[in-house]
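Got the viewer open? Here's a short walk through two helix pairs and a couple of cysteines.

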Amino acid sequence: MASVFVQADDFSGAAEVGCCFVEHGLSAQVSLGTGAVSGTYDAGASAGAPVTDVVVIDTHSRGLSATEAEALVKDAFSTPAASGAQVLFKKMDSLWRGNISAETAALAGLGYHVVVAGALPQLQRTVRAGRPIVAGSPLAETDLWQAEASAPPVNIPSLLRPEEPASVQSLDLEAVRSNRVPSRLAGLLDGRPALVVADGETVQDLEHVVDALLKLGFQSGGRRIVLVGTGGAADVLAQRLATQNAQNAHRAAAADATDAVPQDAHRPVLAVVGSASKTAQAQLAKLEAEGFTVVRLHPLYAGAKDAYAPQLAQVSADLRAGHRVAITLAAAKVDPSGSARIVQALSAFAAQSAKSAPTDLILTGGETAREVLDAAGRHTLVPLAAVQHGAVLSRADDGTLVGTKPGSFGDDLALLQLYDEIRERRSAPAPANTLPRKTSEQSGATMTDAANPNELPFVAVTMGDGAGVGPEVVMAAALDPQSNAECRPVVIGDALRLRQAAEVLGIQADIQVIEDVEDAVFTPGRVNVIDLNLLPEDLPWGKLSPVAGHAAYEYIRVASELAMAGKVQAICTAPLNKEALHAAGHIFPGHTELLAHLTGTEEVSMMLSTPKIRVIHVTTHIGLMDAVRKINPDLVERTIRRGHEALVRAGIPNPKIGVCAINPHAGENGLFGQGEEAEKIEPGVKAAQAAGINAVGPLPADTLFFLAGRGDYDLVVAMYHDQGHGPVKVLGIEAGVNITVGLPVIRTSVDHGTAFDIAGKAIADSRSMVEALHQAAEMATRPAVAV
């Protein structure tokens with residue numbers, strides 16, 4: 001049987017826990033109810049049988065009566081998957097909602113000891129002296145239970161056993177942090193089924209409890225132990241079990257084969273925001289800004305026949321047309337006693353909408369998520385990745401991608417990041433064939449083969465996320481003969497991981513650890529590394545890891561410090577993984593924002609450079625309406641100046657720059673738009689021209705990109721994200737480089753991500769990394785341009 005059995009009372013929690021195990025290299029399956037567990041894989045079956053390490057059952061009991069919830073938990077823990085598991089875990093809500101009293105009573109009724117470790121330090125949800133605390137305040141004093149029909153608990157023993165709170169045993173912080181936790185627990189779990197509540201304020205506190213249970217073998221006094229905990233406890237348990245599991249490599253490889261997603265770049269996405277929390281509504285606003293059409297259903301009419309028929313027809317038509325749609329409830333005061341009816345109506349509406357076309361889903365709120373999946377006929381799911389704590393992407397049994405998130409979890413970007421993850425997994429890979437990069441002669445560069453090696457610029461090459469393709473493409477770039485003829489690359493990373501990458505690639509390399517840039521020696525086949533030694537030897541390829549996320553952050557930090565100190569003349573970055581970065585506690589959308597933070601830069605621009613076209617953006621990751629509002633003459637002028645300087649540094653002495661209009665036909669003398677070209681763009685272009693920059697515009701975007709594609713312009717200034725990104729992706733992003741313009745240091749990067757699906761397999765295409773190093777070297781040989 002599976003080595004771990006998990007029961008959760010709502011789907012978002014089930015997906016969260018399943019993903020905790022997946023991220024640590026174990027395989028997991030989430031089943032919607034006990035009836036879907038019949039296909040659970042047997043770890044003791046004959047050789048060659050599929051293996052699932054973790055079985056998660058969502059009993060969907062959060063909103064049921066206490067009696068119904070107790071019965072469902074007994075059914076779940078009576079399945080063969082539970083009886084044959086080595087470890088039993090019950091997922092609980094970190095705000096102590098649901099039928100936790102009845103469900104822990106069900107476990108005691110089955111003869112289990114129960115240990116409750118309800119802290120979730122990642123979200124500042126802790127337990128001290130048996131009392132639930134949120135961000136330093138008692139839970140009962142917050143508004144986090146505003147949508148609940150009952151009052152929040154003041155203390156946990158009274159919540160778990162209201163008739164007999166004194167029977168609940170306690171493991172206080174002093175006991176949790178002592179070195180005698182296993183013996184203390186064994187003493188409390190002696191005799192009849194016991195219920196123990198463990199205090200906790202940090203991840204280390206959870207580790208002490210989990211380690212003690214593992215030392216006891218999840219057994220005490222002849223009885224099995226069930227750990228009741230949040231996603232924080234599940235993550236610690238997953239980490240510990242993964243370390244112990246000698247079959248991880250085999251199972252991770254098997255999991256890689258099942259993670260493939262059918263590519264369908266045009267598949268629509270339907271988001272359903274069933275949570276009334278302020279957090280969920282702020283996240284919805286980000287989707288709306290990104291272009292989602294938001295449909296708000298009034299809760300007053302929930303359950304009435306054909307109440308939402310017009311909205312249903314419109315949403316179905318939008319999805320069939322491939323559009324992005326979000327469904328939520330209109331703002332209105334709701335009686336908590338009617339919440340079940342409202343959730344069911346919202347879920348039925350979503351399920352009917354999704355049947356109109358093959359549709360991926362983003363579902364907020366565990367009850368809503370489960371109702372939608374049940375109505376849509378989904379029965380089992382495999383967790384794939386987490387973009388933030390609790391925000392998980394899974395694959396349903398029919399191939400649908402399903403992003404889920406508890407209503408109160410995550411920052412404002414959580415739903416947007418789930419959407420980005422869906423699109424990334426649906427997008428087709430870049431073509432293998434590509435145009436050759438421009439030579440120094442084609443680009444106007446003046447670097448010569450006779451350059452003195454000791455006068456070549458130093459370039460800090462960061463290794464990126466060590467679990468992705470970064471180490472492989474860095475090795476290829478650092479050993480590239482042309483790159484070494486143009487610059488002196490010094491890798492900031494982990495020497496051990498680079499040696500592992502060389503072994504994967506089957507190449508011989510002299511990887512030498514140095515203390516400082518000045519210690520580097522450049523001979524053919526040698527790679528100089530400032531070794532931060534942050535990654536474990538057994539770090540798996542292709543698996544999201546907070547350790548690798550933190551290491552990637554440190555590589556950038558060190559490279560930035562070297563650049564700001566003048567020890568290197570440019571930075572060239574291999575890809576990092578935003579989920580791993582966030583999991584490590586570094587909350588930045590990516591490299592650009594992180595580098596801006598580290599260098600104290602307030603405003604930077606993104607430039608995409610390909611063999612056929614270069615584009616710099618006035619605005620990037622904001623909605624179209626917000627972009628139009630943000631654009632102003634000063635911002636346009638500053639963007640033109642940054643693009644001009646970047647191209648001069650790249651060896652184009654007098655670049656011709658075309659500036660896009662906002663409206664079709666550049667407004668056609670006021671026929672389109674509200675005069676934005678004359679008000680927002682023309683003054684900026686004229687100011688740049690007055691400074692001696694060869695800028696033209698505003699021009700119709702469709703015409704300008706055609707002209708730039710045939711070589712009439714060296715740079716296009718795009719006003720907003722898709723205006724620039726769309727043409728670039730059509731005209732050659734597969735050989736492109738991302739350049740951050742406006743930093744006090746030169747920074748280039750690959751145009752691709754960490755590619756976990758191919759990491760460690762010696763098939764990553766290194767051309768973008770080699771080109772990024774080439775362009776960093778070119779730009780580093782030229783001083784900044786004053787205009």
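A contact here means heavy atoms within 4.5 Å. Keep in mind that this is a predicted model.

With that in hand, select Y553, I556, R557, S560 and M564 in α20, then add H591, L594, L595, L598 and T599 in α22: these are the residues that meet. Sorted by class, the contact of α20 with α22 has 6 nonpolar, 3 polar and 1 charged. Now show the full helices, residues 546-564 for α20 and 591-599 for α22; their axes sit 10 Å apart and the packing angle is about 45°. That angle makes α20 oblique to α22, and the crossing is right-handed.

Next stop: α17 (residues 470-479) and α19 (residues 495-505), whose axes come within 9 Å and cross at roughly 80°. The two helices are therefore roughly perpendicular to each other. To see the contact, pick P471, E472, V474 and M475 on α17, along with R497, L498, A501, A502, V504 and L505 on α19. This one counts 8 nonpolar and 2 charged residues, with no polar ones.

Last, the cysteines. How many disulfides does a search of the whole structure find? It finds 0. Select C487 and C572 and put a distance between their sulfurs: the closest cysteine sulfur to that of C487 is the one in C572, 8.3 Å away, which is too far for a bond. A disulfide would need the sulfurs within 2.5 Å. Looking from the other end, C572 has C487 as its nearest cysteine sulfur too, and C572 is in no disulfide. Buried or exposed? C487 counts as buried at 1% relative accessibility, and C572 counts as buried at 0%.

Technical notes:
Residues numbered from 1 in each chain as written. Predicted model: local features only at pLDDT ≥ 70, side-chain atom pairs only at ≥ 80, totals over all residues. Heavy atoms only, no water. Axes fitted to C-alpha atoms, helices over the stretch in contact; angles between N-to-C directions. Helix = DSSP H or I, 4+ residues; strand = E, 2+ residues; numbered from the N terminus. Parallel < 35°, antiparallel > 145°, perpendicular 65-115°, else oblique. Nonpolar A, V, L, I, M, F, W, Y, C, P; charged D, E, K, R; others polar. Buried < 20%, exposed > 50% of the residue type's maximum accessible area, 1.4 Å probe, protein only. Left-handed = near helix turned anticlockwise from the far one by under 90°.
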